[in-house]
Each structure stands twice: as structure tokens, then as C-alpha cells.
Amino acid sequence: MFATIESRKEELPEGSYTTSLFTHEKGENAVLEKIGEETTEAILAAKDDDRDELTAESADLVYHLLVLFAMKDLDVDDLRGELRDRF
């Protein structure tokens, strides 16, 4: 998925939701708002013991986090390295 996000960042294909995040008039704030929204939705799904919704909202959260990583010129290896150093 991260490779696709990076590709969208480089190519900016028309009609792509990922492209719209990279070119949004709010800039990075648009992605930060989505991360906040998806986090809240995941928390509520967990609270309600809704496994399907928790899975869906968590996928949305991870996707938007990866878009943010691409915006900040970070990648999945940076995340892996951080997690590896913690354990």
C-alpha cells in the first residue's frame, strides 16, 4: 500500500483520493484532520465491541498515517526501525 501512496505522490493521477490529500488546499492539515477523525471512530468502535467497524476504521487510520509518512518523507522502514528498537 505504501508503494501505491508514494506513486500517487509522484504522479498525482486525476481522480485519486490519495492525490486529493497531497494537493488539498489545507495541505497537511487535511490529513491530520482525517487521522483525528479515524482515530475517534476506531476508539468508538472498540468501545462498542464492534469488531468489523474497528477493523475498517483501523484500516482507514493506518492508510492516512501512511499518507502522512509520505508527506514527511518517511517510509515504512522508518516505522519498522522504530518498532524494532523498542522491542
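**View 1. Where α1 meets α4.** In this predicted model, F2, I5, E6 and K9 of α1 touch Y63, L66, V67, F69 and A70 of α4. Sort the residues of this contact by type and you get seven nonpolar, no polar and two charged. How far apart are the axes of α1 and α4, and at what angle do the two helices pack? The axes lie 10 Å apart, and the angle is about 50°. That angle makes α1 oblique to α4. As for handedness, α1 passes α4 in a right-handed crossing.

**View 2. Where α3 meets α4.** Two packed helices are described by the angle between their axes and the distance between the axes. Here, the axes of α3 and α4 come within 8 Å and cross at roughly 155°. Angles over 145 degrees count as roughly antiparallel, so that label fits α3 and α4. This time the crossing is left-handed, with α3 passing α4. On the α3 side, the residues in the contact are E28, V31, L32, K34, I35, E38, T39, E41, A42, A45 and A46. Their partners in α4 are E53, L54, E57, S58, D60, L61, H64, L65, V67, L68 and M71. Split by type, the residues of this contact come out as 12 nonpolar, three polar and seven charged.

**View 3. The largest nonpolar core.** Which residues build this core? There are 12 of them: F2, I5, L21, F22, V31, I35, Y63, L66, V67, L68, F69 and A70. Four helices each chip in two or more residues, namely α1 (2-11), α2 (17-22), α3 (28-47) and α4 (51-71). The biggest share belongs to α4, which supplies six residues. Take a look at V31, one of the core members. Skipping residues up to four places away in sequence, V31 touches L21, H64, V67, L68 and M71.

**View 4. A close look at H64.** You'll find H64 in helix α4. Is H64 buried or exposed? Its relative accessibility is 3%, so H64 counts as buried, the cut-off for buried being under 20%. Who surrounds H64? Leaving out neighbours within four places in sequence, H64 is in contact with Y17, L21, V31, K34, I35 and E38.

**View 5. A close look at I35.** Now hop over to helix α3, where I35 sits. With a relative accessibility of 15%, I35 counts as buried, and I35 is also one of the residues of the largest nonpolar core. Again setting aside neighbours within four places in sequence, I35 makes contact with L61, H64, L65 and L68. For a sense of how the chain folds back, compare I35 with D60: they are 25 residues apart in sequence, and their C-alpha atoms are 8.3 Å apart in space.

**View 6. Stepping back to the whole chain.** What elements does the chain have, counting helices and strands? It has five helices and zero strands, so to speak an α-α-α-α-α run from the N terminus on. Along its principal axes, the C-alpha trace spans about 40 × 35 × 20 Å. Of the 87 residues in the chain, 25% are buried. Now take the contacts between residues at least 6 apart in sequence: 58% of these join residues at least 24 apart.

Conventions
Residues are numbered from 1 along each chain as its sequence is written. This is a predicted model: local features need pLDDT of at least 70, side-chain atom pairs count only at pLDDT 80 or more; totals for chains, interfaces and linings use all residues. Side-chain values use heavy atoms; hydrogens and water are left out. A nonpolar core is a set of buried Ala, Val, Leu, Ile, Met, Phe, Trp, Tyr and Cys residues joined through side-chain atoms within 4.5 Å. Buried means under 20% relative accessible area, exposed over 50%, partly exposed in between (1.4 Å probe, protein chains only). Contact means heavy atoms within 4.5 Å. Axes are lines fitted to C-alpha atoms, for helices over the stretch in contact, and angles run from 0 to 180 degrees between N-to-C directions. Angles under 35 degrees count as roughly parallel, over 145 as roughly antiparallel, 65 to 115 as roughly perpendicular and the rest as oblique. A crossing is left-handed if the near helix is turned anticlockwise from the far one by less than a right angle, and right-handed if clockwise. Ala, Val, Leu, Ile, Met, Phe, Trp, Tyr, Cys and Pro count as nonpolar, Asp, Glu, Lys and Arg as charged, and the others, Gly among them, as polar.
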